[in-house]
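User: Could you take a close look at one part of this model for me? I'd like one tyrosine put in its setting, with the overall picture first.

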Amino acid sequence: MIRSISSDAVLALWESTRCSRAVVEKAFDDVGCLPYIPPLDRYDCAREAAKAAVRECELHIPGSTIKYEALGGGKCALEVVRKIKGEERNQWPHLFSLALTRSDKRPDRLEIISCSEDAGPIHDSMDEAEDIINDCYHEATATISAKDLTESLVKLIRTECRAVGMKSSGGTYFMAESKADPYLSIADELNKHGPELVICKITLADNPTMVKQALSSVNSQIKAGLDRMLDKAADLKSRGGRTRSNGNQSRVDEISHYIGLVKTYRKLLGHPMKEAIKAIRQAQAELGLEAIRNGL
């Protein structure tokens, strides 16, 4: 039953774009959250360079699509092919392949290791095409993708802001306004460089539907996280494994995070959250973590 409801709540949402890696790293570092940014993905950068070459050389033709497929060998390499749908079978003509080479004499460089006449201008002027591809590649290495930026923001607001997603697909997150400072700080920096990070204050006392949805979201997030922990522990036990000290500390940290969620949202939503508390205590018992002082 809802009791006294706080009005201290906000919704956060954003539109990610590829952005300067230096800008993003500084924004996250300023709030002590640099580790939330994924490391540079050179394959992703090579793929972006290949896509730029396809656009520049106008290799798209009606009735077909361009596919980018990783090559084997344990290195950053990919093949660009054209998929043409047929009545009995599809055709996959090869266009060109790229591979990343590194040496002491020059920085990372993508080389065209295979090219067909179907690649048009790339085949006709491979040296020039390779230079253009590498310009695009090095530009991409200086940025962070929209996907990686979103991943970083989700880690930040779930961990530092104790936010919960309002949709199963993500995209909109609910949090206490008092916990939003890291997100606001990053928004102030990134909004100058392309991405759009938005935050909207809401009055919960006037919006019981929002309270209900937020309560459901936080309970679901806690239950899903505890279920993953228990499943992982059961799988380890079934294989005769033993939890390492760092693995046990990870469990303690995760349980502590869920306890923090309960404390935050119990106050914010004015709800006792008995269901979540019961689930946490059961998980503690099953994992042998009853000694954690939770204050619930």
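Analyst: Of the contacts in the protein with a separation of 6 or more, 62% are between residues 24 or more positions apart. That comes from a predicted model, so a word on confidence: the mean pLDDT of the protein is 89, and 91% of the residues reach 70 or more. Among the elements, helix α1 (residues 21-30) has the highest mean pLDDT, at 97, while helix α8 (residues 245-269) has the lowest, at 85. As a rule, predicted coordinates shouldn't be read in detail where pLDDT is low.

Now the overall build. The protein has nine helices and ten strands. Its radius of gyration is 25 Å, well over the 19 Å that the globule rule gives for 296 residues, so the protein is more spread out than a compact globule. The C-alpha trace spans about 70 × 50 × 50 Å along the principal axes. Buried residues account for 42% of the 296. The accessible surface is about 16,700 Å², and carbon and sulfur atoms own 47% of that. On the charge side, there are 42 positive and 43 negative side chains, with the centres of the two sets 11 Å apart.

On to the tyrosine, Tyr43. You'll find Tyr43 in helix α2, which covers residues 42-56. Is Tyr43 buried or exposed? Neither label fits: the relative accessible area of Tyr43 is 26%, and because the partly exposed class runs from 20% to 50%, Tyr43 counts as partly exposed.

Which residues does Tyr43 touch, once neighbours within four places in sequence are set aside? The contacts are Tyr68, Glu69 and Ala70, plus Cys76, Ala77 and Leu78. Take Leu78 from that list: Tyr43 and Leu78 are 35 residues apart in sequence, and their C-alpha atoms are 8.1 Å apart in space.

For another residue to set beside Tyr43, try Lys274, which is in helix α9 (residues 274-287). Lys274 has a relative accessibility of 62%, so it counts as exposed, the cut-off being over 50%. Lys274 and Thr159 are 115 residues apart along the chain, and 22 Å separates their C-alpha atoms.

To pull the tyrosine's picture together: Tyr43 is a partly exposed residue in helix α2, in contact with residues that include Tyr68 and Leu78.

Notes
Residues are numbered from 1 along each chain as its sequence is written. This is a predicted model: local features need pLDDT of at least 70, side-chain atom pairs count only at pLDDT 80 or more; totals for chains, interfaces and linings use all residues. Side-chain values use heavy atoms; hydrogens and water are left out. pLDDT is the predictor's confidence in each residue, from 0 to 100. Helices (H or I, at least four residues) and strands (E, at least two) are DSSP runs, numbered from the N terminus. The radius of gyration is taken over C-alpha atoms; the globule rule is 2.2 Å times the number of residues to the power 0.38. Buried means under 20% relative accessible area, exposed over 50%, partly exposed in between (1.4 Å probe, protein chains only). Contact means heavy atoms within 4.5 Å. Accessible areas come from the Shrake-Rupley method with a 1.4 Å probe; for residues, only the protein chains shown count as cover. Lys and Arg count as positive and Asp and Glu as negative; His and the chain ends are not counted. The place of a charge is taken as NZ of Lys, CZ of Arg, CG of Asp or CD of Glu.
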